[in-house]
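Take a walk through this model. The route starts at the DNA and then turns to the helix packing.

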Number of protein chains: 2
Amino acid sequence: MPLATQERTPVSRSRALRAAVELADAEGIDAVSMRNLAGRLGVVPMALYKHVANKEDLLDGMVDTLVADLPRPEPGPGWKPAARATILAAREMIVAHPWLRRVIESRTRRTPTVLTHMDSLAGAFIAGGLSADLTHHVMHTLGHRIWGFSPEAFDAPEEPDDATPPADPQEVAAMVEHMSATYPAITAVTLAAIDGDLSRLGEGCDEQWEFEFALDLLLDAFERLHTGSRGSRNT
Amino acid sequence: MPLATQERTPVSRSRALRAAVELADAEGIDAVSMRNLAGRLGVVPMALYKHVANKEDLLDGMVDTLVADLPRPEPGPGWKPAARATILAAREMIVAHPWLRRVIESRTRRTPTVLTHMDSLAGAFIAGGLSADLTHHVMHTLGHRIWGFSPEAFDAPEEPDDATPPADPQEVAAMVEHMSATYPAITAVTLAAIDGDLSRLGEGCDEQWEFEFALDLLLDAFERLHTGSRGSRNT
DNA sequence: CATCCGAGGTGTACGACGTACACCTTTTAT
DNA sequence: ATAAAAGGTGTACGTCGTACACCTCGGATG
């Protein structure tokens with residue numbers, strides 16, 4: 001005999017998606033399995049398939065859930081600040097949900113929600129007077145930066161292990177020596193980034209700063225292309 | 001009684017990695033499972049673990065195998081053409097192995113081989129006179145472009161299904177109408193890219209061109225930052 | 001009222017996957 | 001000849017996504 005019916009609000013697509021986002025936030029994206037998520041919802045795994053087509057659809061939906069809340073670029077002052085603000089808002093979303101970057105990267109479908117976001121950003125450029133052609137190239141150049149992240153080829157790998165133990169200075173010095181001999185350029189770059197202060201070695205760099213640096217570099221370059229071609233060339 | 005001993009060259013790490021690359025080239029990255037790869041090598045799955053630590057290590061190794069063959073930037077004429085040539089060579093590698101992009105994106109370790117490539121590229125900038133600081137930002141800005149691809153947020157999704165059937169023009173026109181109403185900016189951009197010729201709708205855009213456009217845009221911007229700061233600022 | 005239906009939930013089962021562990025065999029070095 | 005290392009085997013476990021057949025309600029409809 002079942003316990004006193006603990007009334008369970010029935011699962012719905014949006015409830016499932018929100019639960020999945022919460023689960024990913026709390027325990028990481030690997031914890032988001034159909035079985036695990038179903039458990040959270042007090043339901044058997046297969047029940048989820050009444051609300052999502054399959055796991056891909058679940059992940060698409062999770063992205064949609066978050067992307068739908070992004071602000072649209074404000075029409076007005078100019079395309080550059082509008083695009084900048086929109087992209088930085090997307091970045092806040094990425095920072096708030098660390099698993100989101102990888103999930104977006106792995107998406108293969110373009111959902112209407114995602115298309116809407118892309119359209120409103122492209123629309124900002126067009127409204128600002130950029131030609132459709134230039135807007136096209138601009139969107140390509142921005143790439144995933146549209147979503148608030150750039151592909152961080154140069155980044156320190158995420159270290160899931162507990163923070164590196166302090167390690168005595170002598171050992172560190174020897175390591176740096178070795179690095180410097182093997183990878184002179186990278187070492188020079190790294191040392192410059194921490195002002196030569198070896199105690200700051202584990203810090204990693206200021207991603208936000210790097211992101212905005214690259215973003216502004218690109219926006220400025222776009223502006224140069226745009227104004228440089230007004231009336232004379234066909235971009 | 002076993003068949004006449006068909007002499008099998010013993011598996012080695014590099015043989016396993018090369019076989020894995022071939023397998024991925026031939027059947028896609030999903031076909032690269034420990035079991036499948038072992039089968040190809042005429043060996044039981046667990047035998048692979050004598051040569052790779054685990055699957056992540058296998059994937060790392062596959063990347064290394066290819067990255068090791070990349071040319072280093074030539075010292076000489078200037079950092080810009082040197083970096084450009086190196087990055088475009090990496091791009092050729094990516095194009096030749098379509099699975100490689102995703103695998104590189106998913107790597108979490110930086111192997112010595114990969115560090116060596118990054119170091120030689122960073123070294124080109126430094127040899128060209130860019131400060132360590134500027135080189136740092138430059139590497140970040142290039143992001144995955146270092147590896148010959150940019151994150152294609154704006155790309156058509158890869159369509160694994162057979163090419164879209166020709167679809168009669170009337171239907172296409174209606175679809176475009178609908179798209180244009182729902183996503184005006186994207187539609188304008190897309191139509192511009194195909195010169196309004198609806199028969200070219202499925203084409204997708206010239207990725208190589210977009211890649212080089214973005215690459216050159218960035219390299220030019222770096223140059224402007226560099227020469228603009230010579231002797232006056234500390235970048 | 002009786003009936004039906006469809007939306008939501010269940011239970012079982014299958015075929016992958018990565019890999020731990022204990023064991024065997026072959027090659028090589030001494 | 002012998003010992004040890006290097007390479008290969010076989011079994012087993014836990015996890016995953018999901019196909020398929022079934023059940024169970026709460027209305028809507030005759």
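Start with DNA strand C and its phosphates. A phosphate oxygen of this strand lies 3.1 Å from a side-chain N or O atom of B:Ser33. Such a pair is a polar contact: two N or O atoms within 3.5 Å, where within protein one must be able to donate a hydrogen and the other to accept it, and residues adjacent in sequence count only if both atoms are side-chain atoms. B:Lys55 does likewise, with an N or O atom of its side chain 2.8 Å from a phosphate oxygen of DNA strand C. B:Arg35 addresses a base: a polar atom of its side chain is 2.4 Å from a base nitrogen of DNA strand C.

A word on conventions. This is a predicted model, in which local features need pLDDT of at least 70 and side-chain atom pairs count only at pLDDT 80 or more, while totals for chains, interfaces and linings use all residues. Residues are numbered from 1 along each chain as its sequence is written, chains are lettered from A and ligands numbered from 1 in the order in which they are written, and side-chain values use heavy atoms, with hydrogens and water left out.

Now widen the view around DNA strand C. It has 16 residues around it; a residue is near a strand if one of its heavy atoms lies within 4 Å of it. The nearest are A:Met46, A:Lys50, B:Arg35, B:Tyr49 and B:Lys55. Of the strand's atoms within 4 Å of the protein, 38% belong to sugar or phosphate and the rest to bases. The surface near DNA strand C has nine nonpolar, three polar and four charged residues. Here Ala, Val, Leu, Ile, Met, Phe, Trp, Tyr, Cys and Pro count as nonpolar, Asp, Glu, Lys and Arg as charged, and the others, Gly among them, as polar.

Move to DNA strand D. It is surrounded by 15 residues, and A:Arg35, A:Tyr49, A:Lys55, B:Met46 and B:Lys50 are the closest. Sugar and phosphate make up 39% of its atoms within 4 Å of the protein. The nearby surface divides into nine nonpolar, three polar and three charged residues. A side-chain N or O atom of A:Lys55 sits 2.8 Å from a phosphate oxygen of DNA strand D. The backbone takes part too. A polar backbone atom of A:Met34 is 3.0 Å from a phosphate oxygen, and one of B:Val11 is 3.4 Å from a phosphate oxygen.

Next, the helices. These are DSSP runs (H or I, at least four residues), numbered from the N terminus. In chain A, α1 (residues 13-27) and α3 (residues 55-67) cross at roughly 85°, and their axes come within 9 Å. They are therefore roughly perpendicular (65 to 115 degrees). Contact, meaning heavy atoms within 4.5 Å, involves A:Leu17, A:Val21 and A:Ala24 of α1(A), and A:Leu58, A:Met62 and A:Leu66 of α3(A), among others. By class it has seven nonpolar, two polar and three charged residues.

Helix α7 (residues 132-142) of chain A has two partners to follow here. With α10 (residues 207-229) of chain A the angle is about 165°, and the axes are 11 Å apart. The two are therefore roughly antiparallel (over 145 degrees). Their contact includes A:Leu134 and A:Val138 of α7(A), with A:Leu218 and A:Phe222 of α10(A) among the residues opposite. It has seven nonpolar, two polar and no charged residues.

The other partner lies in chain B. The axes of α7(A) and α9(B) (residues 184-193) come within 8 Å and cross at roughly 105°. These helices are therefore roughly perpendicular. A:Ala132, A:Asp133, A:Thr135 and A:His136 meet B:Ala188, B:Val189, B:Ala192 and B:Ala193.

Definitions and conventions. Axes are lines fitted to C-alpha atoms, for helices over the stretch in contact, and angles run from 0 to 180 degrees between N-to-C directions. Angles under 35 degrees count as roughly parallel, over 145 as roughly antiparallel, 65 to 115 as roughly perpendicular and the rest as oblique.
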